[in-house]
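Notebook open, structure loaded. I want to go from overall confidence down to single residues.

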Amino acid sequence: MNRNIWGHRGCRGAGNPPENSLAAFQAAIDCGAGGIELDVHLSKDGALVVFHDSETQRMTGVEGTLASLTLPEIKRLHLLTVERRPFREHVPTLEEVLDLVDARRKSGPFVVNIELKDPHSAPAVAAVVQSRLAQGWRLDNFLISSFDMSCLRVIKTLLPALPIGTLFECSAEELVQGIAETRDLKPATINIPFSSLTPVTWELIRAAGALPVVWTPNETNPSQRLLMERETLVKALREWEFVLITDFPREILQLLKPNIARATATGVLAACLSYGQQEMLFHPKESGLENLRSPSDYPELKRFGFSEIQLTAEDGVNFLVWESLGRLDQPHFLLFHGNRAHWGDTGPGDGQRDRRARLKFIAELASSGAGVTAVTLRGFGNSSAIPSELGFLRDLRAVIEYLETRGFDHRRLVVAGESLGTWAATQTAVYLTERNTPPALVSLQNPFTSMADVGEEVVSHFPLVRSLHIGISAYSLDHHVLKNHFYTANLFQKLSAETTIHIATSGRDGLVHPSHSDKLAEIAKKRNLRVVRDVFPEAAHHSIPPVEYARTSDSVDAFRSPSMSIATEYRVR
């Protein structure tokens, strides 16, 4: 049994029981779901019936509305299967469903999520719950949810301790507003579509003191999904705490079911590989590297009047940005460094790169008249915090809030990153897109699809790790071994058509293979995004000439009309 997997209107499966039927709810119980979700309406004579639509046509083949029919009239209607065939059952009442669940809830935790469809049904539902509580049911056997906040306010008035869930289907920005407007309800859960579940929305909900509940990622049976889709779903289930409401709880539970022998062997391997990973991934304090100094202390930047600004993330961590505003008729560059050192890196070269390349890059942009905001992420420079994906997400949100206070025009904004910073740049572009202020250009120097893909190519034992799946699912050990995933490819699915993608690739990159750039460009192409690609055939990962890269990214014509071509443009350097 998994407490966080609930059957959406029951469970599809053997016999294809109709949604919101007793057979569908029994199937969800039998497969080990930790709860069921159902919908209720009031009949003409005040009975609570379990049915999703207000009209009867879709699920019974008979035209009518529940509000215009009495319970005996509703009970004469047969439910239809997905194939539109008559089923052996009639429309159940809420009491009949609770009677079915009664034995199951006595054997362990089980939740009945009742979604209120009828604004007048709240008092009747509260009365039924009160009656069940008197029979030994617990408050946590129930969750009352609705899109209609007035329904939930009635429930809270009648039964203040009863858990409620607020339902939202909106953007991240609208979710922030919705959470603020319903804070007085103190919801136990905040329910959103699975497609809206991101690190941003998850953290918003958790920060509000609620448990995220997401519904129906089930356009198709999960066992028939493509490998990447299954891995994305199972990764989310294992990595984040939330409840999943699905038509296919049986299949989801199978995907999560461990194989003990494999789990033991691969768990030991995961523990070995996970040890010391922080030092393998992040290199903020390389040999010969000085602490980050004021921008005026670097000869490359002294003449441009850069200011040093301290930002504070939501968890209290401080980090620095350098900024030069530039001319109003020029683009403004928001820059993110990679996982080695910081913007003021002036240590000795290593044969692959010029250790002052970042300073030269910034200086070249500033000399063209462009504005520059160069971000030094937590754990780098003078920050004593520990670098991590979650910490970086908090830093990025603080950067965006800062940009908004400064009133930057997103139509002139170029978000650029190198190596690991390409993930930060892409994530920032997604955050901006969610706020309806997509940047004009995302410029990426040697980007990667995910840290797992890089690890598979760089670490000799990693292909073995990824081939050892836990259980029968396609879920791989990437998510056990890697504490920081950095899924840039997933972020590309969320970029705006208003944003041009610029990808600069090193032809001799021994760390991130050029095929990563190819895959990202292909994703962008499928989404009809305009892509401009610069290839530096003789450059290694760290040795793209900084001045030339600055000029190529600054030369991308991303500031003309939206009718720009979406064809990929290649420019070999």
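**Confidence.** pLDDT is the predictor's confidence in each residue, on a scale from 0 to 100. I need that here, as this is a predicted model. I looked up the mean pLDDT of the protein and got 80, with 78% of its residues at 70 or more. Then I went after the weak stretches. Over residues 466-480 the pLDDT is below 50, yet beyond near neighbours in sequence this stretch has 48 contacts in the model. Residues 558-573 are also below 50, and I find 44 contacts there, again beyond near neighbours in sequence. Note to self: where pLDDT is low, the predicted coordinates should not be read in detail.

**Overall make-up.** I count 21 helices and 20 strands in the secondary structure. The protein has 573 residues, and 58% of them count as buried. I also checked contacts between residues at least 6 apart in sequence: 70% of these join residues at least 24 apart.

**Cores.** Which residues have the most contacts inside the largest nonpolar core? I get Leu38, Ile114 and Ile144, in a core of 56 residues. I took Ile114 and left aside its neighbours within four places in sequence. Its contacts are then Leu38, Val40, Leu94, Val125, Phe142, Leu143, Ile144 and Ser145. So two of my top three, Leu38 and Ile144, turn up on the contact list of Ile114. There is a second, separate core as well, with 49 residues, including Ala172, Ala313, Ala398 and Val454. As a reminder, in soluble globular proteins nonpolar side chains tend to be buried together.

**Helix α8.** Next I went to α8, residues 199-207, and its packing on α14, residues 389-406. The axes are 11 Å apart and the angle is about 90°. Since 65 to 115 degrees is the range for roughly perpendicular, that is what I call α8 relative to α14. From α8, Pro199, Val200 and Glu203 meet Leu390, Leu393, Arg394 and Arg397 of α14. I sorted this contact by class and got 4 nonpolar, no polar and 3 charged residues.

I then asked which residues of α8 are buried. They are Val200, Thr201, Trp202, Glu203 and Ile205. Glu203 is thus both buried and part of the contact with α14. The buried residues of α8 pack against α7, β9, β10, α14 and α15. After α8 comes Gly209, with a positive phi near 80°.

**Thr426.** One of the partners of α8 is α15, so I looked there too. Thr426 sits in α15, residues 420-434. Is Thr426 buried or exposed? Its relative accessible area is 0%, which makes it buried. Not counting residues up to four places away in sequence, Thr426 touches Val442, Leu444, Thr488, Leu491, Phe492 and Leu495.

**Positive phi outside glycine.** I noted two asparagines here. Asn20 has a positive phi of about 55° and lies in the loop between β1 and α1. Asn436 has a phi near 65° and lies in the loop between α15 and β17. How buried or exposed are they? Asn20 is buried, at 2% relative accessible area, whereas Asn436 is exposed, at 63%.

Methods: Residues numbered from 1 in each chain as written. Heavy atoms only, no water. Core = buried A, V, L, I, M, F, W, Y, C linked by side-chain atoms within 4.5 Å. Buried < 20%, exposed > 50% of the residue type's maximum accessible area, 1.4 Å probe, protein only. Contact = heavy atoms within 4.5 Å. Axes fitted to C-alpha atoms, helices over the stretch in contact; angles between N-to-C directions. Helix = DSSP H or I, 4+ residues; strand = E, 2+ residues; numbered from the N terminus. Parallel < 35°, antiparallel > 145°, perpendicular 65-115°, else oblique. Nonpolar A, V, L, I, M, F, W, Y, C, P; charged D, E, K, R; others polar.
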